[in-house]
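Visitor: I would like to go through this model with you and ask, at each step, what a given term rests on.
Guide: Then let us put the sequence and the structure in view and begin.

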Amino acid sequence: MFNEMYQDFLNELSPKMWEMVGTATYETLYMGLASTLLAVLIGLPLGFLAFLTDKGRILQNRTIFNFLDVIINVGRSVPFIILLIVLLPVTRMLVGTTLGTTAAIVPLSIAAIPFFARLTANALVEIPTGLTEAAKSMGATHWQVVSKYYLPESLPIIINAITLTLVSLIGYSAMAGVVGGGGLGSLAINYGEHRNMIYVKWISTIIIVAIVMICQKIGDVLAAKADHR
């Protein structure tokens, strides 16, 4: 029995298949890291703006806050698989195709932006309320309050938010395989499921779990180093 299982394992995971696993692993990392980077670049200022325009904050503006709050909440509420399908025309317009890893980055990023923006706003809420008054009493401008006080104080939580976003997007990237997004998810679906190659499916799953665990560990270490409290 074990000899048969071992032989099936060797037959499925040939050198050519291992090469495909390596390519799929790279594609998964590429999609996760690139979409996380875009989410941080856009979501971080959105989260800061949503926080700063809230009631009692230094840039209080109910109109802007309510608009951002609705956009962020609606964006977070749409299931990714639906967003993936709805954004197919947008993806085709931006990158010229709906297939491949680069195309998958579009819906992944759009899904992650409101998610990360909310995490950023929540991280800023954790900062003691007396910090703004103390900074303003020392003559700090709005920009200095944000760059010298809010950002350093919230950095450990923001790093944890980036880690959570990356881990979530790696999971989402597997769903992108349903529409030809590439990566380990696509490999598990096209070969593991459609061609009944069970060992390919398990290897893909194990690698995704390993990537998530490594990313989480790195994020925890960086957050701990950034926390000087």
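Visitor: Leaving aside its neighbours within four places in sequence, which residues is Pro114 in contact with?
Guide: This is a predicted model, so the answer is read from computed coordinates. Apart from neighbours up to four places away in sequence, Pro114 is in contact with Ile72, Gly75 and Arg76. In addition, Pro114 and Ser77, which are 37 residues apart in sequence, have C-alpha atoms 9.5 Å apart in space.

Visitor: Why is Pro114 called buried?
Guide: The relative accessible area of Pro114 is 10%, and the term buried applies under 20%, so Pro114 counts as buried. Its place is in helix α6, which covers residues 101-125.

Visitor: Where does α6 bend, and by how much?
Guide: The bend is at Ile113 and amounts to about 25 degrees, with the proline Pro114 following within four residues.

Visitor: What span does α6 reach, and what span is expected?
Guide: From its first C-alpha to its last, α6 reaches 35 Å with its 25 residues, which is close to the 36 Å expected at 1.5 Å a residue.

Visitor: What makes α6 a mostly covered helix?
Guide: The description rests on a count, in which 19 of the 25 residues of α6 are buried. One residue to examine in α6 is Ser109, whose relative accessibility is 4%; since buried means under 20%, Ser109 is counted as buried. When residues up to four places away in sequence are not counted, Ser109 touches Ser35 and Leu38.

Visitor: Why are α8 and α10 called roughly antiparallel?
Guide: Helix α8 spans residues 142-176 and helix α10 spans residues 198-226, and their axes cross at roughly 170 degrees while coming within 8 Å. Angles over 145 degrees count as roughly antiparallel, and the crossing angle therefore places α8 roughly antiparallel to α10.

Visitor: Which residues make the contact of α8 with α10?
Guide: On the side of α8 the contributors include Leu155, Pro156, Ile159, Asn160 and Thr163, and on the side of α10 they include Ile208, Ile211, Val212, Cys215 and Gln216. By class, this contact of α8 with α10 has 14 nonpolar, 4 polar and 1 charged residues.

Visitor: How do you know that the span of α10 agrees with the expected one?
Guide: At 1.5 Å a residue, the 29 residues of α10 should span 42 Å, and because the end C-alpha atoms are 42 Å apart, the two values agree. Among the buried residues of α10 are Val200, Ile203, Ser204 and Ile207, and Ile208, Ile211 and Cys215 are also buried.

Visitor: What makes Ser154 a buried residue?
Guide: Ser154, whose place is in helix α8, has a relative accessibility of 0%, and with the limit for buried set at under 20%, Ser154 counts as buried. Leaving aside neighbours within four places in sequence, Ser154 is in contact with Phe48, Ala123, Leu124 and Ile127.

Visitor: Is Ile158 buried or exposed, and how do you know?
Guide: Ile158 lies in helix α8 and has a relative accessible area of 5%; exposed would need a value over 50%, whereas buried means under 20%, so Ile158 is buried. Not counting residues up to four places away in sequence, Ile158 touches Leu44, Phe48, Phe116, Ala123 and Leu151. The C-alpha atoms of Ile158 and Leu119 are separated by 7.5 Å, although these residues are 39 residues apart along the chain.

Visitor: Where does α2 bend, and which proline follows?
Guide: Helix α2, which covers residues 15-52, bends by about 30 degrees at Gly43, and Pro45 follows within four residues. The 38 residues of α2 reach 55 Å from the first C-alpha to the last, close to the 56 Å expected at 1.5 Å a residue.

Visitor: Why does Met17 count as buried?
Guide: Met17 is found in helix α2, and its relative accessibility of 5% falls under the 20% limit, so Met17 counts as buried. Met17 and Tyr191 are 174 residues apart in sequence, and their C-alpha atoms are 9.8 Å apart in space.

Visitor: How many helices and strands are there in the protein?
Guide: The protein has 10 helices and 0 strands, and buried residues make up 40% of its 229 residues. Of the contacts in the protein with a separation of 6 or more, 73% are accounted for by residues 24 or more positions apart.

Terms used:
Residues are numbered from 1 along each chain as its sequence is written. This is a predicted model: local features need pLDDT of at least 70, side-chain atom pairs count only at pLDDT 80 or more; totals for chains, interfaces and linings use all residues. Side-chain values use heavy atoms; hydrogens and water are left out. Helices (H or I, at least four residues) and strands (E, at least two) are DSSP runs, numbered from the N terminus. Buried means under 20% relative accessible area, exposed over 50%, partly exposed in between (1.4 Å probe, protein chains only). Contact means heavy atoms within 4.5 Å. Axes are lines fitted to C-alpha atoms, for helices over the stretch in contact, and angles run from 0 to 180 degrees between N-to-C directions. Angles under 35 degrees count as roughly parallel, over 145 as roughly antiparallel, 65 to 115 as roughly perpendicular and the rest as oblique. Ala, Val, Leu, Ile, Met, Phe, Trp, Tyr, Cys and Pro count as nonpolar, Asp, Glu, Lys and Arg as charged, and the others, Gly among them, as polar. The expected span of a helix is 1.5 Å times one less than its number of residues. The bend at a residue is the angle between axes fitted to the seven residues ending there and the seven starting there.
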